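Reader: Could you take one part of this and walk me through it closely? I'm curious how the helices sit against their surroundings, so pick a good spot and start there.

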Amino acid sequence: MKSSVKLTVNGLEQEHQAEPRTSLLTFLREQCGLTGSKRGCEEGECGGCSVLLDGELVTSCLIFAVEAQGAQLVTVEGLGTPHHLSPLQEAFATDGASQCGFCIPGMLLAATNLLERNPDPNEQDIRKAISGNLCRCTGYDLIVAAISMAAELKKGARG
Amino acid sequence: MKPFAFHEPQSVAGAIEALEAGRENARLIAGGSDLLGQLKDDLVHYERLVSLGAIEGMREFHGDQSGLRIGAGATLARLEHDPLLTGPYSILAEAARGIATPEIRNQGTVGGNLCQRPRCLHYRSSWISCLKKGGADCPAVESSHQQYLSVFGGAGCFSVHASDLAPPLLALHASAVVAAKGGERTIPLSEFFAGPEQDVRRENTLSRNEVLTAVVVPAAPEGWRGAYLKFRERNAGDFPLVSVAFGCSLVEGKMQNVRMVLGAVSPVPRPCPEAEAVLEGQRPDPEFLEAAANAAFAPATPLPHNGFKVEIGRALVLRAMSQVLELDDH
Ligand code: FES
Ligand code: FES
């Protein structure tokens with residue numbers, strides 16, 4: 001039986017009908033129309049569906065939408081706009097960190113979460129932070145470099 | 001995935017009631033990272049899921065001179081970072097840091113980790129019938145995919161318990177707090193787990209309408225230090241092929257309160273009293289350490305395709321002992 005699920009995604013309230021078995025990922029992609037979060041493995045292994053739920057990085061494929069009732073979510077669509085990229089998006093673009101791009105939304109959210117908690121991460125910290133995100137194009141080195149470049153950029157901006 | 005009703009009680013009593021009302025077709029859900037996978041793969045089906053997520057009390061986290069009390073709903077991420085988990089208890093933080101991925105550690109709970117189902121590939125495939133799913137026999141013994149199977153025998157089913165928290169909790173002599181309709185009982189964690197000889201379809205002694213609400217860790221012996229080492233195929237995201245929790249205190253140069261528990265090598269986590277006895281009261285000389293590692297695996301009876309776990313296990317035990325005793329690794 002469907003019930004109403006109400007939550008906030010990227011600052012906007014979303015309310016849609018969902019069955020208990022609807023995953024948060026399906027809810028975001030099919031009900032909210034936000035397809036930035038990717039459906040990869042559907043079992044918590046690839047991190048393509050990673051979003052921030054009340055500030056915590058989680059795999060939206062392993063959460064039912066009903067469990068996120070009332071939550072505050074951030075998806076990749078909430079990080080920047082084509083004309084105003086976030087520092088991380090800027091760094092990924094400049095550095096060529098994105099190949100096919102499928103893993104990038106998850107990578108960006110994992111990295112955003114890292115830099116919020118640790119503005120000055122070392123390489124080890126970065127690799128740990130994205131350890132739940134698989135890049136099928138295996139471009140990890142450029143992704144790690146882009147995240148550390150973004151940390152530098154942000155530090156510069158703070159002056 | 002078949003449809004189900006979702007209940008979100010506000011209290012443990014409410015959860016027990018909701019379970020009772022659902023009879024055989026109700027199941028608890030905590031973080032859900034194991035259960036959702038099983039539901040999606042149609043390994044299991046329930047008419048009612050009873051969520052523990054809204055029960056604030058299940059996330060309790062206390063510590064004092066008498067030990068720790070950790071709610072079954074505490075997340076694995078909390079264990080990674082909580083300042084209470086230092087000294088003898090740092091072994092729990094170390095184990096938590098090695099579980100799954102950062103995402104899953106934010107979702108997964110202590111109780112869920114202890115109640116997770118096996119990773120045996122045969123159990124996890126919906127098109128393969130096996131004893132755990134009510135089938136007639138165990139196809140795994142004939143298969144070449146035996147990395148997640150026991151090297152210490154099985155009673156028909158050879159799948160292993162994959163929990164990374166169980167070995168260090170057992171090494172710390174933890175207990176499980178279990179709530180039922182009539183009240184609460186506290187049992188040693190060693191009696192919480194039960195292998196296929198008891199009931200091949202489950203891995204613990206919880207009855208249908210009971211809820212694991214917390215684990216209690218007694219005060220550790222003075223100066224006790226432990227280490228948890230886990231061997232896996234990839235350094236992130238994987239379940240253990242072999243793991244070991246080892247700890248002891250050094251009193252006047254001699255080992256005391258020696259604890260050793262192996263993970264992922266037997267249907268339930270495996271304490272090693274023989275190996276502990278080899279070390280208890282001795283100085284940490286290489287001969288004793290070697291003898292203890294050998295004693296831990298002496299009863300092993302690996303299957304045709306998982307003998308490598310015994311060799312890795314012995315090396316891992318030696319490494320864990322060296323780490324705790326701060327010897328040079330050899
Ligand atoms: S789709 Fe969720 S982790 Fe892969
Ligand atoms: S860029 Fe293709 S999967 Fe990572």
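Author: Here is a pair of packed helices, followed by a few other spots.

Residues are numbered from 1 along each chain as its sequence is written, while chains are lettered from A and ligands numbered from 1 in the order in which they are written. Keep in mind that this is a predicted model, where local features need pLDDT of at least 70 and side-chain atom pairs count only at pLDDT 80 or more, whereas totals for chains, interfaces and linings use all residues.

Let's start with α11 (residues 286-297) and α12 (residues 308-325) of chain B, which pack at an angle of about 140° with their axes 9 Å apart. Helices here are DSSP runs of H or I with at least four residues, strands are E runs of at least two, and both are numbered from the N terminus. Axes are lines fitted to C-alpha atoms, for helices over the stretch in contact, and angles run from 0 to 180 degrees between N-to-C directions. That angle makes α11(B) and α12(B) oblique to each other (under 35 degrees would be roughly parallel, over 145 roughly antiparallel, 65 to 115 roughly perpendicular, and the rest is oblique). The crossing of α11(B) past α12(B) is right-handed, the near helix being turned clockwise from the far one by less than a right angle.

Who does the touching? On α11(B), the contact uses B:Leu289, B:Ala293, B:Asn294, B:Ala296 and B:Phe297, and α12(B) answers with B:Val310, B:Gly313, B:Arg314, B:Val317, B:Leu318 and B:Met321. Contact means C-beta atoms, placed from the backbone, within 7 Å. By class, this contact of α11(B) with α12(B) has eight nonpolar, two polar and one charged residues. For the classes, Ala, Val, Leu, Ile, Met, Phe, Trp, Tyr, Cys and Pro are nonpolar, Asp, Glu, Lys and Arg are charged, and the others, Gly among them, are polar.

Now to α1 of chain B (residues 12-22), where B:Ala15, B:Ile16, B:Ala18, B:Leu19 and B:Gly22 are buried. They span an arc of only 165° around the axis, so they sit on the same side of α1(B); the arc is that of the directions from the helix axis to the C-beta atoms. Buried means 20 or more other C-beta atoms within 10 Å, exposed means 12 or fewer, and partly exposed is in between, with C-beta atoms placed from the backbone. The buried residues of α1(B) pack against β1, β2 (26-29), β3 (48-51), β6 (175-180) and β8 (211-218) of chain B. Right after α1(B) comes B:Arg23, with a positive phi near 50°.

Most residues other than glycine have a negative phi. B:Glu252 is another non-glycine residue with a positive phi, near 50°. B:Glu252 is in the loop between β10 (242-251) and β11 (254-263) of chain B, and it counts as exposed, with 6 C-beta neighbours inside 10 Å.

Finally, the contact between the chains takes 20 residues from chain B and 22 residues from chain A. On the chain B side, the elements giving two or more residues are β1 (5-7), α2 (35-40) and α5 (102-107). Of these, α5(B) gives the most, with five residues. That side of chain B divides into nine nonpolar, nine polar and two charged residues.

Key:
Contact = placed C-beta atoms within 7 Å.
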